[in-house]
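This report describes selected parts of one protein chain. Please look through the sequence and the structure before reading on.

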Amino acid sequence: MHLYNLTLQTPTAINQAIVGNFSGARQQEIIASHGTRLELLRPDPQTGKISTVISTDVFGSIRSLAAFRLTGGTKDYAITTSFVKLHQETFGKSGARRIVPGQYLAVDPKGRSVMIAAMEKAKLVYILNRDAAANLTISSPLEAHKNAAIIHHIVGLDVGFENPTFAALEVDYTESDQDPTGEACKNAEKMLTYYELDLGLNHVVRKWSEPTDPRANLLLQVPGGQLASSDRFDGPSGVLVCCEDHIIYRHMDAPQHRVPIPRRKHPLSDSGRGMLIVAAVMHRMRGAFFFLVQNEDGDLFKVTIEHEEEEVKALKIKYFDTVPVASSLCILKSGFLFVASEFSNHYLYQFQKLGDDDNEPEFSSTMYPSFGMADPSQPLPRAHFRPRPLDNLAIADEIESLNPILDSKVLNVLPNSDTPQIFAACGRGTRSSLRILRHGLEVEESVSSDLPGIPNAVWTTKRTEEDAYDSYIILSFVNGTLVLSIGETIEEVQDTGFLSSAPTLAVQQIGADALLQVHPGGIRHVLSNGHVTEWRAPANKSIVAATTNKRQVVVALSSAELVYFELDLEGQLNEYQDRKAMGSTVLALSIGEVPEGRQRTPYLAVGCEDQTVRVVSLDPESTLETISLQALTAPPSSICVAEMMDFSITRVEPVMFVNIGLQNGVLLRTVLDPQTGQLVDTRTRFLGTRPIKLIRVQIQRQPAILALSSRSWLNYTHQNLMHFTPLIFESFDYAWSFSAELSPEGLIGITGSTLKIFQIPKLGTKLKQDSIPLSYTPRKFITHPSNHYFYLIEGDHRVIGDDAAAKKLGELRNQGKDVDEEVLELPQEVFGKPKAPAGTWGSAIRIIDPIEAKTVAYFPLDGNEAAFSLAVVPFSARNGELHLVVGTAADTLVSPRSCSSGFLRTYRFTEDGAGLELIHKTETDDVPLALMAFQGRLTAGVGKALRIYDIGKKKLLRKVENKSFASAIVSLNTQGSRIIVGDMQESVSFAVYKPPENRLLIFADDSQPRWVSACTMVDYNTVAVGDRFGNVFVNRLDPKVSEQVDDDPTGAGILHEKSILMGAPHKTKMIAHFHVGDLVTSIHKVAMVAGGREILLYTCLHGTIGILVPFVSKEDVDFISTLEQHMRQENSSLVGRDHLTWRGYYTPVKAVVDGDLCETFAQLPTQKQSSISGELDRTVGEVSKKLEQLRVTTSGF
């Protein structure tokens, strides 16, 4: 078994974002790290929208990022640290271990040096400089190691042009290691240490070290140093130390200032809970600076420092606004704040004001004795604020993010869809959602209006070449033509010179200022002065097809003849003297646009009824001669010639594509060789059940092609590569470009008797997301076998459930306490639910209708119970009536896992599945983490035990159990009498149920421990598993062992066999293994394309969606694996990680080819492409065709 791995949706979680002028433009950009990808985002200051400039897979794991600028430079450089190279500078070859530097990164604000630190012990300092050719150079590393030290954070100090200095938070654990009582560990001091890089002596010294708050977690650089032009100081220098509940200003030989972190005034908040700062950003303006810091509830605070020269007078903090909890905050000079959210969507906010003149209470260090440092070990009195909706910020843009995907299903439930949708349960807390992902481009409709009849075509046209926008809409009906003018309103006009009594075949703005209409009886040429010249079709013949551009017209007559016209320099249409007989009825014609600076386009494509397409020359030397011929499998219904950029074919110039739509719904895309006129590199694709219509349109000033069948598709160029994506909209009968003031980049289409004007806002996206909001973090969801509803369980730890909150508020009101109603009414999806101590849970069961995209019913759980698993079970004891069983536990603690009691809640379905009725609850002794229907009963993984239950009157009855599992059962799958059990730490076991002896026996397991997070059966003997370390692997049981177990009626043979390696008597064999680089949360075996082969689709925590495609033939395996080997040598990783070691991070990669690496073939320079394809005995076109075919036929993407 060989698999091909492809990523359909790249990870959307941003774990770090930095800001700078990276492409050398005058504009600031953001580089976002997605863990294994780097993306350059450019916010547009005018529109406030963010666009992706470039995104690239680094085939490595990015641990941290920092931007720096060499002294006097205008372009920022990004340092990305991964495991192997830093600016091709290796500092550790054994992966991300705790003493390999790269976890923390700090740069000197003047761009002179950088410090890289590990979690423990190791710190390296590099000096950054320029060589004579002004290229960036890097010194050999200088060590600043400290043995037995755990490093919490590092930051570069702003010291102006003095020696670069770095500050670090360190804890020495020497004594804690030797003290068995644990006292030394409690008393260990956290030190703030300054390391100075002496540029003269070229070494690093520890300059200053003082104990600070033991709960310190984050350092922030405070501006300092003298300005070059004057004696004024930028700031006091030093650092802000963020601790639990406090922020302290510290610097060498300077008094400390401490302020409390304000808390929300909420009647239900947990008063014993500490408050940490999780993200922060410093921004300088002319002569001033401020910090925005964010706590773990998402509240932003503005921190300012009052100083005179280098002396700090006061440290001040006040509430600013509440935004989602961020992994990174970036402030742009154009007045935007980018919030890279820890979970769910990312946002770009615009500053409305800086919060200086509002009446929010401000807390200053001068309000407390000796600047708040009278007794550093005691907390300061609590400071409070009232949360409120956004005031200083306003949302400018939102970037959709699936992170984290916790569970998913792949189903086709939506009406009139021919491909399955992916349903993903995403998000955390009150910002969670169930997302419906559909392959295609989102369409924004702006106008929809009914027409008097059913038109068969629509065009728009300008009056003259110079017009910015279209002037007319022309609609062709069976017996006539309607012309509408576009102005303040859209209304019918009569005086355009167009013939309204016949249907129209083509409309074109021709020459400088004339219009052209082709109808079955002839051609009308309307000049700008209103004069009409008409060419009439010969007697007893009519025009059946036509194609036009700015200077040429070709029409086909019913007698299968072609007539060719060309515009002369006076603006008259001249007919070429000969007519070309084709010998078969012409069904479709197309010519391309006239190339820039040319008189004509030299080629015409003609499709005939005899299932051929011919390329005919329009060159003056060889007019209307057939150059080449291509045979088809069905009669053509439409042809479109267009020049489009596609770097995978050539980077020099646009490629001339001939797209041929057939009557059976298949599209052929061929390339027209500009020198010879031959058709080469044919690729086919099935679009739908109706004959295809092809229309050339403009999208974002680039040529694109609309292909209309039972679905509408768009073929367009994005970031210089060709994309072909369906539109998620009703199917169109005809469409055309539309440009008016309100929608300059629009399209106009007809569906039935409705005219629609629409635009396509987000090119380059593969999946359209629709979302259904949830109240807590989703845990799992399942489908019902006979209705279309989803049953979803959600729950959150350290959150008060709705019933407990109402009870507590009632008590407070009864005691006569003042309850702030306004704070209680704030929207929970922004501000979250009030936090509570560990062991408190809020949880619920939700029924969702995915077709209507709404919640049908919601059942909160009471008694501090949280739901962990669910299954729909047809109990045989009740004649196969379906029940919903939900595994819950009360007072659960996460680590170590414990609960006061577990429960199995059994519900009956009411109202055709739209309601639930609780029948009974069954107590269990541990948390039930996995449930599954099995042979008319319920199989449950309760803690370490596997049990089978049957239904009774008062509760579920335990029939059989097996307690020999190592940690906890997290997944269950079944076929026949076999149960596949996924263990939390010990991989996958095969168990079998033997009814005669009523035994559950384990007969096979894995020889390697694995932390299973998702599992599915590929066939009766094979399982595909995802683990917590980002690996996907396939295990297979020997078929002989499988038969032997099935033939043993009582299981006695298994009982007496000798166990191997303290486990089961048989072991599974690993047949495929691949490191994805993201925690796998679900795996499904599905077919993504109608009639396509089955594939494995997996989703991951950071929002990755990928597929594993089985190869069909040995030739494919050899071809693609050889290509992968060449790509490993040619396309080295951006961060210098060796591809083979990255994909085999925990276990060597086996029998899986990295499709993402193979697909970068299209981005290689032409020379490299030719040399690789030469080694493979193929042409470049054949290689890219094979790669495209692998992707399209299996995923449809």
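A crossing of two helices is called left-handed if the near helix is turned anticlockwise from the far one by less than a right angle, and right-handed if clockwise. The model described here is predicted.

**Two packed helices**

Two packed helices are described by the angle between their axes and the distance between the axes. Helix α8 covers residues 1114-1130 and helix α11 covers residues 1166-1175. Their axes are 10 Å apart and form an angle of about 150°. The crossing of α8 and α11 is right-handed. On the α8 side, the contact is made by Leu 1123, His 1126, Met 1127 and Glu 1130, and these meet Lys 1168, Ile 1172 and Glu 1175 of α11. Sorted by type, the residues of this contact are three nonpolar, one polar and three charged.

**Two annotated domains**

UniProt, in an unreviewed entry, lists "domain: RSE1/DDB1/CPSF1 second beta-propeller" at residues 444-760. In the model, residues 444-760 are 0% helix and 57% strand, and the end C-alpha atoms of the span are 6 Å apart. The unreviewed UniProt entry also gives "domain: RSE1/DDB1/CPSF1 C-terminal" for residues 843-1162. That span is 13% helix and 50% strand, with its end C-alpha atoms 48 Å apart.

**Four residues and their surroundings**

Is Asn 1031 buried or exposed? Asn 1031 has a relative accessible area of 1%, so it counts as buried. Asn 1031 lies in strand β84, residues 1031-1036. Its side chain and that of His 1075 are joined by a polar contact of 3.0 Å. Beyond its neighbours within four places in sequence, Asn 1031 is in contact with several residues, including Arg 1010, His 1073, Phe 1074 and Tyr 1146.

Val 658 belongs to strand β55, residues 650-662. Val 658 is buried because its relative accessibility is 1%, under the 20% limit. Not counting residues up to four places away in sequence, Val 658 touches Ala 605, Ile 639, Cys 640, Val 641, Leu 668, Arg 669, Thr 670, Leu 672 and Leu 679. Val 658 and Ile 18 are 640 residues apart in sequence, and their C-alpha atoms are 44 Å apart in space.

Thr 36 sits in the loop between β3 (29-33) and β4 (37-43). With a relative accessible area of 12%, Thr 36 is also buried. Leaving out residues up to four places away in sequence, Thr 36 touches, among others, Pro 11, Asp 57, Gly 1077 and Trp 1142.

Gly 487 is placed in the loop between β39 (481-486) and β40 (490-492). Gly 487 is partly exposed, at 49% relative accessible area. Along the chain, Gly 487 and Glu 741 are 254 residues apart, while their C-alpha atoms are separated by 9.4 Å.

**Backbone angles**

Most residues other than glycine have a negative phi, and most peptide bonds are trans. The table lists places where the backbone departs from this pattern.

| Place | Feature | Angle |
|---|---|---|
| Asn 403 to Pro 404 | cis peptide bond | omega about -5° |
| Ser 895 to Pro 896 | cis peptide bond | omega near -10° |
| Gln 611 | positive phi | phi near 60° |
| Ala 1151 | positive phi | phi about 55° |

Pro 404 is in the loop between β31 (393-399) and β32 (405-411). Pro 896 is in the loop between β71 (881-890) and β72 (901-910). Gln 611 is in the loop between β51 (603-608) and β52 (612-617), and is partly exposed, with a relative accessible area of 29%. Ala 1151 is in the loop between α9 (1139-1143) and β90 (1152-1154).

Note on methods. Residues are numbered from 1 along each chain as its sequence is written. This is a predicted model: local features need pLDDT of at least 70, side-chain atom pairs count only at pLDDT 80 or more; totals for chains, interfaces and linings use all residues. Side-chain values use heavy atoms; hydrogens and water are left out. Axes are lines fitted to C-alpha atoms, for helices over the stretch in contact, and angles run from 0 to 180 degrees between N-to-C directions. Helices (H or I, at least four residues) and strands (E, at least two) are DSSP runs, numbered from the N terminus. Contact means heavy atoms within 4.5 Å. Ala, Val, Leu, Ile, Met, Phe, Trp, Tyr, Cys and Pro count as nonpolar, Asp, Glu, Lys and Arg as charged, and the others, Gly among them, as polar. UniProt positions are given in the numbering used here, feature names are shortened, and annotations may be inferred rather than shown by experiment. Buried means under 20% relative accessible area, exposed over 50%, partly exposed in between (1.4 Å probe, protein chains only). A polar contact is a pair of N or O atoms within 3.5 Å; within protein, one must be able to donate a hydrogen and the other to accept it, and residues adjacent in sequence count only if both atoms are side-chain atoms.
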